[in-house]
Amino acid sequence: MSTSAPTEDEVKLYCTVHPDVETTLRCNRCGRPMCTRCAVRTPVGYRCKECVRAQQDRFFDAQARDYLVAAAVSLALSLAAAWLTVQIGWFYLAIFVGAAAGSMIGAAVWTLTGKRRGRYTVFVVGGAVVLGALPFLLRAPLSVGIYLMLATSTAAGRFRLRL
Ligand SMILES: [Zn+2]
Ligand SMILES: [Zn+2]
């Protein structure tokens, strides 16, 4: 049996959010103990969810109306592009229409929302692109399906979160 006082390393830490969970991890920004469930891996090390969120809040500066603009622009352009896809009729051309429309929609939203970044822009744009193509899906399932996949991933991909 040792009688020496425990060193810093031997002191048991408990997660701040889950007080019954023992851990050795600490957030490298605020220093609070956190369990593996609470730890978020970032390029600069493990951080707690609150610190990650605080960092994202500074990063995202979109205003509420930006989402409205993003939805309206994506929906209108996607409707037009999906209509065009049906008119063309050749499903392999849907690949080009989809990719072109996707990057056009992405660029238009980016410009019209003042190049502000939104936490939810990726979902708003993706959803609106899908919605715009839906009315045509039954008329040409293959073409519009291909269009949908390419346009959605290209347009929404532009707004994917990168920290
Ligand atoms: Zn923290
Ligand atoms: Zn925890």
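**Exercise 1. Classify Thr36 as buried or exposed, and place Thr36 in the chain.**

Solution. Thr36 has a relative accessibility of 67%, so Thr36 counts as exposed; the cut-off for that class is over 50%. The model is a predicted one. Thr36 is found in the loop between β2 and β3. As a distance check, take Ala62, which is 26 residues away along the chain: the C-alpha atoms of Thr36 and Ala62 are separated by 31 Å.

**Exercise 2. Identify the protein donors of the zinc ion (ligand 2) and determine the geometry of their arrangement.**

Solution. Step one is the donor list: Cys15 (SG), His18 (ND1), Cys35 (SG) and Cys38 (SG), at 2.0 to 2.3 Å from the zinc ion (ligand 2). Step two is the spacing of these residues in sequence, C-x2-H-x16-C-x2-C. Step three is the angles. The 4 donor atoms subtend 101 to 114°, and tetrahedral requires all angles to lie between 85 and 135 degrees. The arrangement around the zinc ion (ligand 2) is therefore tetrahedral. For reference, the ideal angle for four tetrahedral donors is 109.5 degrees. Step four is burial, for which the limit is under 20%. Cys15 has a relative accessible area of 3% and is therefore buried; Cys35, with a value of 3%, is buried as well.

**Exercise 3. Treat the zinc ion (ligand 1) in the same way, and state which parts of the chain the pair Cys27 and Cys48 ties together.**

Solution. The zinc ion (ligand 1) is coordinated at 2.2 to 2.4 Å by Cys27 (SG), Cys30 (SG), Cys48 (SG) and Cys51 (SG). The donor residues follow the spacing C-x2-C-x17-C-x2-C. Angles of 103 to 116° among the 4 donor atoms make this site tetrahedral. Now locate the pair. Cys27 lies in the loop between β2 (22-23) and β3 (40-42), while Cys48 lies in the loop between β4 (45-47) and α1 (49-59), so the pair ties together parts that are 21 residues apart in sequence. Cys27 is buried at a relative accessible area of 3%, and Cys48 is buried at 2%.

**Exercise 4. Determine how many disulfides there are.**

Solution. The criterion is a pair of cysteine sulfur atoms within 2.5 Å. Applying this criterion gives a count of 0 disulfides.

**Exercise 5. Describe the largest nonpolar core and the helices that supply it, then name members of the second core.**

Solution. The largest nonpolar core has 24 residues, and those touching the most other members are Ile105, Val109, Val125, Val129, Ala133, Val144 and Tyr147. At least two residues of this core come from each of α2 (64-88), α3 (93-112), α4 (121-137) and α5 (141-157). Val125 serves as an example: leaving out residues up to four places away in sequence, Val125 touches Ala70, Ser74, Ile105, Val109, Ala155, Ala156 and Phe159. A second, separate core has 8 residues, among them Cys27, Met34, Cys35 and Cys48.

**Exercise 6. Give the domain bounds and the separation of the domain centres.**

Solution. The domain assignment divides the protein chain into domain 1 (8-58) and domain 2 (64-157). Taken over C-alpha atoms, the centres of domain 1 and domain 2 are 39 Å apart.

**Exercise 7. Characterise the backbone and the exposure of Lys115.**

Solution. Most residues other than glycine have a negative phi. Lys115 is not a glycine, yet its phi is positive, at about 60°. Lys115 sits in the loop between α3 and α4. With a relative accessible area of 51%, Lys115 is exposed, the threshold being over 50%.

Conventions:
Residues numbered from 1 in each chain as written. Chains lettered and ligands numbered in written order. Predicted model: local features only at pLDDT ≥ 70, side-chain atom pairs only at ≥ 80, totals over all residues. Heavy atoms only, no water. Donors = N, O, S within 2.8 Å, 3.2 Å for Na, K, Ca; no water. Tetrahedral: all angles 85-135°; square planar, octahedral: opposite > 155°, others 65-115°. Buried < 20%, exposed > 50% of the residue type's maximum accessible area, 1.4 Å probe, protein only. Helix = DSSP H or I, 4+ residues; strand = E, 2+ residues; numbered from the N terminus. Core = buried A, V, L, I, M, F, W, Y, C linked by side-chain atoms within 4.5 Å. Contact = heavy atoms within 4.5 Å. Domains from an automatic or database assignment.
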